[in-house]
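Trainee: Could we go through this model together? I would like to see how each label follows from its rule.

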Amino acid sequence: MFEFNLFNFAQFADQGLSLIGTLLLTSISAKTRMYGFLVFVLVNIPGIYLLIVTKLWWILAVTPIWLVINFVGLYNNYKESRVEN
């Protein structure tokens, strides 16, 4: 039986946001890709909770690297969207 608890909600939020972010990142438009990067930053909220609860906290060591890569992509898409206008 499916149980509605914080862990299951975090799993659905993590996977749902990841799917939406992936769809947005595949866009040709720089503005839409920028929203995809923002969604992937939001994925960290349920993702960090899941890593701590499942005792995979050591994966958090690479999260800053992942965030830097996302912010660089976000900034580059922002610059590209300004050039388009």
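Mentor: Gladly. Let us begin with Arg-33, which is buried, with a relative accessible area of 15%. As background, this is a predicted model, where local features need pLDDT of at least 70 and side-chain atom pairs count only at pLDDT 80 or more, while totals for chains, interfaces and linings use all residues. Residues are numbered from 1 along each chain as its sequence is written, and side-chain values use heavy atoms, with hydrogens and water left out.

Trainee: Why is Arg-33 called buried?

Mentor: Buried means under 20% relative accessible area, exposed over 50%, and partly exposed in between, with a 1.4 Å probe and protein chains only. Arg-33 has 15%, so Arg-33 counts as buried.

Trainee: Where is Arg-33, and what is Arg-33 in contact with?

Mentor: Arg-33 sits in helix 2; helices (H or I, at least four residues) are DSSP runs, numbered from the N terminus. Contact means heavy atoms within 4.5 Å. Leaving aside neighbours within four places in sequence, the contacts of Arg-33 are Leu-24, Leu-25, Ser-27, Ile-28, Asn-77 and Glu-80.

Trainee: What makes Arg-33 and Glu-80 a salt bridge?

Mentor: The rule asks for a side-chain nitrogen of Lys or Arg within 4 Å of a carboxyl oxygen of Asp or Glu. The closest N and O atoms of Arg-33 and Glu-80 are 3.1 Å apart, so the pair qualifies. The pair links distant parts of the chain, with Arg-33 in helix 2 and Glu-80 in helix 4, 47 residues apart. By this rule the count comes to 1 salt bridge. Glu-80 itself is partly exposed, with a relative accessible area of 36%.

Trainee: How do you know that Ser-27 has a polar contact with Arg-33?

Mentor: A polar contact is a pair of N or O atoms within 3.5 Å; within protein, one must be able to donate a hydrogen and the other to accept it, and residues adjacent in sequence count only if both atoms are side-chain atoms. The backbone oxygen of Ser-27 lies 3.2 Å from a polar atom of the Arg-33 side chain, so the distance fits.

Trainee: What caps the N-terminal end of helix 2?

Mentor: Ser-29 does, with a side-chain oxygen 3.3 Å from the backbone nitrogen of Lys-31.

Trainee: How does the reach of helix 2 compare with the expected span?

Mentor: The expected span is 1.5 Å times one less than the number of residues. Helix 2 (residues 30–42) has 13 residues and reaches 19 Å from its first C-alpha to its last, close to the 18 Å expected. The cover over its buried residues includes helix 1, helix 3 (44–53) and helix 4 (63–84).

Trainee: Is Asn-44, in helix 3, buried or exposed?

Mentor: Buried, because its relative accessible area is 13%. Leaving aside neighbours within four places in sequence, Asn-44 is in contact with Thr-63, Trp-66 and Leu-67.

Trainee: Why is Val-72, in helix 4, called partly exposed?

Mentor: Val-72 has a relative accessible area of 44%, so that label applies.

Trainee: And what makes Lys-55 stand out?

Mentor: Phi of Lys-55 is near 60 degrees, a positive value in a residue other than glycine. Most residues other than glycine have a negative phi. Lys-55 is in the loop between helix 3 and helix 4, and counts as exposed because its relative accessibility is 64%.

How values were computed: Helices (H or I, at least four residues) and strands (E, at least two) are DSSP runs, numbered from the N terminus.
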